[in-house]
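Work through these exercises with the structure open beside you. Try each task before you read its solution.

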Amino acid sequence: MIVDGLLELGIGFQYLCGRVGGTNRVRYVDILEAPEDKKWFSAGDFIITSGFFFKDDPMLIEDMLRSLIAHKCSGLAIRTGRYVKRLPDCVIALAEAQSFPIMTIPPEIGNRDIQSTVIQKITAERESRVDSYIIKDKPSLYANLMGDDPITGFSVQEAARRLGVNADSPRYVMVAPGESIMTEITYDFPDATLILRTTDGSCACVWDCGEDDYHEERKKAASAFFSVCKFKTPSFGISDVCLNAERLRTAYLDAHFAMNMGHVIEPNTKVHLYSDYYMHRLIHDSLHHPAVLEAARTYTKPLLEYDRESSFGLFPTLISLCRANFNIQRACQELNIHRNTLYVRIEKIRSITGLDIDNSKSRLSACMAVVYEQIEGYSKK
């Protein structure tokens, strides 16, 4: 359902501001009664609060609102009158500028009643799609499950049963840029590979793999995906194995992340496995954590500045060391240099940054810093 649909539930929702965002999709309803709660919210969550935790400092509402917008929540409802008398002008201006709906709810209606009513409505809408034209075959089922507002739970099992699809069989998701696919038509391969044009312009291939050797199945899937690409084969991302159809959305996002990150970090590589980018995902989701920023300040920023003034190539050397897990022989092979040359560079890196390659914590911090710089480069592109 959308935010505007809350007005029709008979609960007493009313807009305070941000009505332009009334078409935002509501995926869940959650409660916010402590500042730390906001870090757990997800895209599409509609948030309800009494305003108790910011009753003594109304300006905290602005901080909360910015966090909800950053988390791509769908809207906010405040129980006004008891703890919050009126919204600060800056909060109203921010909500209007970001098209973020803020509503009021009557103080006499409990949070649990609101949650259950809204969730029942959301569930009913999702279940109705199982029998509608939207999910009429396996391609449309997979497209829905990889989309922004997928069906869940029993609805998945029911749709899969009706279409003769095993919802619990293992699958991979592969993603390529949309312009790289030769056809706009959605279709099945004989071996159950599926090509889909997704809403964000990418193309996704869902591979129903066997139960035994996932690695071999992934090779087959990659080969099949290549077969429908144009002559200039693009780079594409492959998710980890997905053991339940309900997880296809997560698998799709993981494959998409691997494709985009790999295209920037390793542009000469065609196939990017999500499993190779676990640390990138962790750092990406904690990009401004003090530990990450401190690692970058200590290990990579000085090397980048040094490299701008010389041709020593210390930062690329650190990248190769991290990629080789600090194995000297492998790093030498990647850099195509003699091991004595590498030792000279390592000593130079140590003198500038204090990196001790024999210390596991120091190595981990250096790798975090390298990944941080790679993600910063990805973000700029």
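A residue is called buried when its relative accessible area is under 20%. Keep in mind that this model is predicted.

**Exercise 1. How is helix α7 placed: enclosed or open?**

Step 1. Find α7, residues 248-265.
Step 2. Apply the cut-off: 14 of its 18 residues are buried.
Step 3. Conclude: α7 is largely enclosed by the rest of the structure, because 14 of its 18 residues are buried.

**Exercise 2. Check the span of α7 against what its number of residues predicts**.

Step 1. Take 1.5 Å a residue, multiplied by one less than the number of residues.
Step 2. For the 18 residues of α7, the expected span is 26 Å.
Step 3. Compare: the end C-alpha atoms of α7 are 25 Å apart, which agrees.

**Exercise 3. Decide why Cys367 and Cys322 are not bonded, then give the number of disulfides**.

Step 1. A disulfide needs two cysteine sulfur atoms within 2.5 Å.
Step 2. The cysteine sulfur closest to that of Cys367 belongs to Cys322, and it lies 3.2 Å away.
Step 3. That is too far for a bond.
Step 4. Over the structure, the count of disulfides is zero.

**Exercise 4. Classify Cys17 and Cys367: buried or exposed?**

Step 1. The cut-off for buried is under 20%.
Step 2. Cys17 has 3% relative accessibility, so it counts as buried.
Step 3. Cys367 has 15% relative accessibility, so it is buried too.

**Exercise 5. Describe the largest pocket and its lining**.

Step 1. Start with volume: the largest pocket holds about 1,100 Å³.
Step 2. Go to the centre. Of 27 lining residues, Ala43, His71, Lys72, Arg249 and Leu253 are closest to it.
Step 3. Look for elements. Those that give two or more lining residues are α7 and α8 (278-284).
Step 4. Find the largest share: α7 supplies seven residues.
Step 5. Sort the lining by class: eight nonpolar, ten polar and nine charged residues.

**Exercise 6. Do the same for the second largest pocket**.

Step 1. Its volume is about 370 Å³.
Step 2. It has 17 lining residues, and Asp276, His280, Cys322, Arg323 and Gln374 lie nearest the centre.
Step 3. At least two lining residues come from each of β11 (271-273), α8, α10 (314-323) and α13 (360-380).
Step 4. The most come from α13, with four.
Step 5. By class, the lining has ten nonpolar, four polar and three charged residues.

Methods. Residues numbered from 1 in each chain as written. Predicted model: local features only at pLDDT ≥ 70, side-chain atom pairs only at ≥ 80, totals over all residues. Heavy atoms only, no water. Buried < 20%, exposed > 50% of the residue type's maximum accessible area, 1.4 Å probe, protein only. 1 Å grid on protein atoms, 1.4 Å probe; cavity = no way out; pocket = protein on both sides within 12 Å on 5 of 7 lines; lining within 4 Å. Points joined across faces, edges and corners; volume = space filled by probe spheres on them. Nonpolar A, V, L, I, M, F, W, Y, C, P; charged D, E, K, R; others polar.
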